[in-house]
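Here is a briefing on one protein chain, grouped by topic. Keep the viewer open while reading.

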Amino acid sequence: MKHPDLYRDQEVVVLGLAKSGVQVAKVLHERGAVVTVNDRKERDQSPEASELESLGISVICGGHPESLIHEGVQLLVKNPGIPYTAPPVQQALELGIEVVTEVEVAYHLCAAPMIGITGSNGKTTTTTWVGQMLEAAGMRPIVAGNIGTPLSQAAQEADADNWMVVELSSFQLKGTVDFRPKIAALLNVAETHLDYHGGMEDYVASKSKLFANQGPEDTAVLNWDDPVCRGLVPYLKAGILPFSMTEELVQGIFVRPSFVPGSEDEQERIIIYRDYTETETEIAAVDSIGLPGRFNVGNALAACGIAIAAGADPAVLGGVLASFRGVEHRLEYVADKEGAAYYNNSKATNSKATAMALGSFRQPVILIAGGLDRGSDYMELLPVLSGNVKALVALGQTRDKLAAVAGMAGVKTVISVDNGDSAAAVLQEAVREAAALAEAGDVVLLSPACASWDMFSSYEERGRIFKEAVHNL
């Protein structure tokens, strides 16, 4: 444990009784902190409260009392999704109390080196891939955070021989101060979460905190094809390991076309690692990757770069690339119905993710999209909608916006679904509408380009209901 006595006798408020909040409250209590947990939900909606109280942790439900934040409080640990405009957070900031997320606490308690992975799209796939690559290399990874074990719990269990592989959101990173991952990876940057951040400047600044405390002995893995990622280079102190799908790099991970033996025309694409001595290693053919989609090639390159930076032998990575079949709700194959293939991409919560998913298919696509309106105009979808999208079935708050962009793109069939029933009934109706349009050889794709919170509790719930509706056709 890095700093076992850091929180002893400190008065700490944990804001939010979600999974990470419950776990970090337990960890801080075990470390000797005086912990109060607060959630605006009523007590009967907070089953975790009794467990925490049985341990001697104070729990306040049903609102945020004025007395919660006072000068004696030394630290506020907030759920990442709670905005900085929330009254307890504002009170803490006004009193000069440090406001952090669970990531900061876990970092101070973790003996293992950390790998932090962020980006607007591809985080979960890349994080899962890295965990499998390090496992194949015999490097004892622990995948934690948004996937796997809660981060503060994993931090207590890790030792110096582990690698902590952590998926990180902009919400989590905004609440960090000293956090310093040994390897930090930024996959891409797209316009998303602007309702939380108030604009792209704060969003990019929050993502960039991943690199803020790194030094020359650390590694920053960057998408060389993304102008925002590349623009950070002058501000980084870490060694840089870039990856690119479009450019042959002096040093880094990239894709190189090579002629197929015996053919003058056909080329296959090979993933290459070139180290600082310009020694090259062929990792795998792009066509051998077990996931569809150009964007998953980018995720594969990033995962290879991260694993190599951690010390994995490049020779073991190709097998992991070939055997990996993806993560639920991320371009997940669901079923074949009367010759049409159905895919669940519910995790696509912004336009760029949906555009990337559409680019994965050459077949005609019937797209089911729509959800929470966060102020985007969805014009980023215009060029991909004018490609192989034969129909749009729109739902949620953004259905009219998406229908308008589809009309501009020349999509001939646009159906808006809003039957006034439950969210599940609306999505089920959308699946039936899409199925009625689908022909053999088509793809029916749920890729909403929006968050789910206008209708569903999470993108996972949305994806599960979609899959049930497909299987019930």
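In this predicted model, α5 and α11 are oblique to each other, because an angle that is neither under 35 degrees, nor over 145, nor from 65 to 115 counts as oblique. Their packing angle is about 40 degrees. The two axes lie 9 Å apart.

**The α5–α11 pair**

- Helix α5 covers residues 123–136, and helix α11 covers residues 294–310.
- The crossing of α5 and α11 is right-handed.
- From α5, the contact draws on Thr125, Thr126, Trp129, Val130, Met133 and Leu134.
- From α11, the contact draws on Asn296, Asn299, Ala300, Ala302, Ala303, Cys304, Ile306, Ala307 and Ala310.
- Sorted by class, the contact of α5 with α11 holds eleven nonpolar and four polar residues, with no charged residues.

**The α16–α17 pair**

- Helix α16 (residues 423–437) packs against helix α17 (residues 459–471) at about 50 degrees.
- The axes of α16 and α17 are 9 Å apart.
- That angle makes α16 and α17 oblique to each other.
- The crossing of α16 and α17 is right-handed.
- On the α16 side, Ala424, Leu427, Gln428 and Val431 make the contact.
- On the α17 side, the contact residues are Arg462, Ile465, Phe466, Ala469 and Val470.
- The contact of α16 with α17 has seven nonpolar residues, one polar and one charged.

**The α1–α4 pair**

- The axes of α1 and helix α4 (residues 102–109) come within 11 Å.
- They cross at roughly 35 degrees.
- The crossing of α1 and α4 is left-handed.
- Ser20, Val24, Val27 and Leu28 of α1 meet Glu102, Val105 and Leu109 of α4.
- By class, five residues in the contact of α1 with α4 are nonpolar, one is polar and one is charged.

**The five-stranded sheet**

- Five strands form an open sheet, in the order β3-β2-β1-β4-β5.
- The pairing in this five-stranded sheet is parallel.
- β3 (58–61) and β5 (98–100) are the edge strands. Each has a single partner strand, so one side of each is left without a neighbour in the sheet.
- From one strand to the next, the twist averages 20 degrees.
- Strand β4 (residues 75–78) and β5 run parallel and are joined by three bridges.
- Leu76 stands opposite Val99 in β5.
- Helix α3 (residues 87–94) packs on this sheet and touches β1, β4 and β5.
- The direction of α3 makes about 150 degrees with that of β4.
- Helix α1 (residues 19–30) lies across β1 (11–15), β2 (34–39) and β4.
- α1 runs at about 170 degrees to β1.

**The six-stranded sheet**

- Six strands form an open sheet in the order β15-β16-β20-β17-β18-β19.
- The pairing in this six-stranded sheet is mixed.
- At the edges stand β15 (332–337) and β19 (413–416). With a single partner strand each, they have one side left without a neighbour in the sheet, so both are edge strands.
- Ignoring direction, neighbouring strands of this sheet are turned by 20 degrees against each other on average.
- Strand β16 (residues 340–344) and strand β20 (residues 443–446) run parallel, joined by four bridges.
- Tyr343 has Leu445 as its bridge partner in β20.
- α16 packs on this sheet. The strands α16 touches are β16, β17 (365–369), β18 (389–394), β19 and β20.
- The direction of α16 makes about 170 degrees with that of β17.
- α16 thus takes part in two packings: with α17 and with the sheet.

**The whole chain**

- The secondary structure of the protein chain comes to 17 helices and 20 strands.
- How does the radius of gyration of the protein chain fit a compact globule? With 473 residues, such a globule would have a radius near 23 Å, and the protein chain has 23 Å, so the two agree.
- Along the principal axes, the C-alpha atoms fill a box of roughly 70 × 65 × 35 Å.

Methods:
Residues are numbered from 1 along each chain as its sequence is written. This is a predicted model: local features need pLDDT of at least 70, side-chain atom pairs count only at pLDDT 80 or more; totals for chains, interfaces and linings use all residues. Side-chain values use heavy atoms; hydrogens and water are left out. Axes are lines fitted to C-alpha atoms, for helices over the stretch in contact, and angles run from 0 to 180 degrees between N-to-C directions. A crossing is left-handed if the near helix is turned anticlockwise from the far one by less than a right angle, and right-handed if clockwise. Contact means heavy atoms within 4.5 Å. Ala, Val, Leu, Ile, Met, Phe, Trp, Tyr, Cys and Pro count as nonpolar, Asp, Glu, Lys and Arg as charged, and the others, Gly among them, as polar. Two strands pair if DSSP finds at least two bridges between them. The radius of gyration is taken over C-alpha atoms; the globule rule is 2.2 Å times the number of residues to the power 0.38.
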